[in-house]
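Welcome! Here is a short tour for anyone meeting this protein for the first time. Take a look at the sequence and the model, then read on.

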Amino acid sequence: MKKYITLTVRVIRYNLKIIFAGKFFWFLLAAFAFFAFFMFQQAWNRAETNEGSIYNLLLFPCLLLIFYPVVFGIQNDEDNRILEIIFGIPNYRYKVWGLRMLIVYVANYFILVLFAYVARLLLYPVNIFEMAAQLVFPMLFFGNFAFMFSTITRSGNGTAVIVIVLGLVFSIFIFANVSGSSENSFWNVYLNPFSIPRDVHPMIWQNTIIKSRLFLLIGGIVFLMIGLLNLQKREKFV
């Protein structure tokens, strides 16, 4: 038993070095810089601060944290000449990339907990674990969405362009809606569960949140499975 625990710890450490090596530190630094800037702007303008506004402050840093590991993961493996080794492992899609994606989301969850704790100290007393847990849903959706495209383009830069453009399209489609119905719909991938509309009954709003989280979770799982199945076509990668 001790042998398996030691081996698991070594595997996790090795994958952490691969996933978070290189430019991730700069993405982490940029995420915190944007978060600090948003907090400063919120305090400077003396805007109303509540759980909903804290969620909005954390959403962009949340997506920025997941961007580098999933978009440039395959390209980094190719640049480091370890794709051939990975593809030599039986069921490598689930043993390697399944584990990597799990490590990425768990690590980013605790980073978001830390960010939420900073917001709690400086702006508003939020439940840091609940806040981070709610942010995991859009992180899963967009993270697996980007991972799926990375298995199609096999290029970090190409995937980055596609994800940014589609992210802007999502934003324009939702926030350009004049009636506001799309903004409060469970189809809204940016739905803020802590921002309760005044004209919506609390029970209806709770059902909307549940449907929204199910939509993001199922969508994230579908994107992940498509990405893992794309990795089966190893001749396109090596």
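Among contacts in the protein between residues at least 6 apart in sequence, what percentage join residues at least 24 apart? The share is 72%. Please keep in mind that this is a predicted model. The protein is built from nine helices and has zero strands.

**Overall picture**

- Reading from the N terminus, you will meet the elements in the order α-α-α-α-α-α-α-α-α.
- The protein has 238 residues, and 45% of them count as buried.
- Its accessible surface is about 13,500 Å², with 67% of that belonging to carbon and sulfur atoms.

**The nonpolar core**

- In soluble globular proteins, nonpolar side chains tend to be buried together.
- Here, the largest nonpolar core holds 58 residues, and Phe35, Leu58, Trp97, Met131 and Leu135 are the ones with the most contacts inside it.
- At least two residues of this core come from each of these helices: H2 (24-44), H3 (51-71), H6 (92-122), H7, H8 (156-175) and H9.
- Setting aside neighbours within four places in sequence, leucine 135 is in contact with Tyr55, Leu58, Leu59, Cys62 and Leu112.

**Two buried residues of helix H6**

- Methionine 101 is found in helix H6, and this residue counts as buried because its relative accessible area is 4%, under the 20% cut-off.
- Not counting residues up to four places away in sequence, methionine 101 touches Val70, Asn144, Phe147 and Leu224.
- Methionine 101 and proline 69 are 32 residues apart in sequence, and their C-alpha atoms are 8.6 Å apart in space.
- Valine 104 also lies in helix H6, and valine 104 is buried, with a relative accessibility of 3%.
- The C-alpha atoms of valine 104 and isoleucine 66 are separated by 7.5 Å, although the two residues are 38 residues apart along the chain.

**Phenylalanine 149 in helix H7**

- Look for phenylalanine 149 in helix H7, which covers residues 128-153.
- Why does phenylalanine 149 count as buried? Its relative accessibility is 18%, and buried means under 20%, so phenylalanine 149 falls within the cut-off.
- Apart from neighbours within four places in sequence, phenylalanine 149 has contacts with Arg154, Thr159, Ile162 and Leu166.
- Valine 163 is 14 residues away from phenylalanine 149 along the chain, and 8.0 Å separates their C-alpha atoms.

**Helix H9, buried and on the surface**

- Helix H9 runs over residues 202-230 and has 29 residues.
- From its first C-alpha to its last, helix H9 reaches 42 Å, close to the 42 Å expected at 1.5 Å a residue.
- Several residues of H9 are buried, including Trp205, Ile209, Leu216, Phe223 and Leu228.
- Some polar residues can be found on that list too, among them Thr208, Ser212, Arg213 and Asn230.
- Glycines appear there as well: Gly219, Gly220 and Gly227 are buried in H9.
- What makes up the nonpolar surface patch of about 420 Å²? Ile210, Leu214, Ile218, Val222 and Ile226 form this patch, and isoleucine 210 has its place in helix H9.

How values were computed. Residues are numbered from 1 along each chain as its sequence is written. This is a predicted model: local features need pLDDT of at least 70, side-chain atom pairs count only at pLDDT 80 or more; totals for chains, interfaces and linings use all residues. Side-chain values use heavy atoms; hydrogens and water are left out. Helices (H or I, at least four residues) and strands (E, at least two) are DSSP runs, numbered from the N terminus. Buried means under 20% relative accessible area, exposed over 50%, partly exposed in between (1.4 Å probe, protein chains only). Contact means heavy atoms within 4.5 Å. Accessible areas come from the Shrake-Rupley method with a 1.4 Å probe; for residues, only the protein chains shown count as cover. The expected span of a helix is 1.5 Å times one less than its number of residues. Patches are made of residues with over 30% relative accessible area and no salt bridge: like charges are joined within 9 Å, nonpolar side chains (Val, Leu, Ile, Met, Phe, Trp, Tyr) within 5 Å. A salt bridge is a side-chain nitrogen of Lys or Arg within 4 Å of a carboxyl oxygen of Asp or Glu. A nonpolar core is a set of buried Ala, Val, Leu, Ile, Met, Phe, Trp, Tyr and Cys residues joined through side-chain atoms within 4.5 Å.
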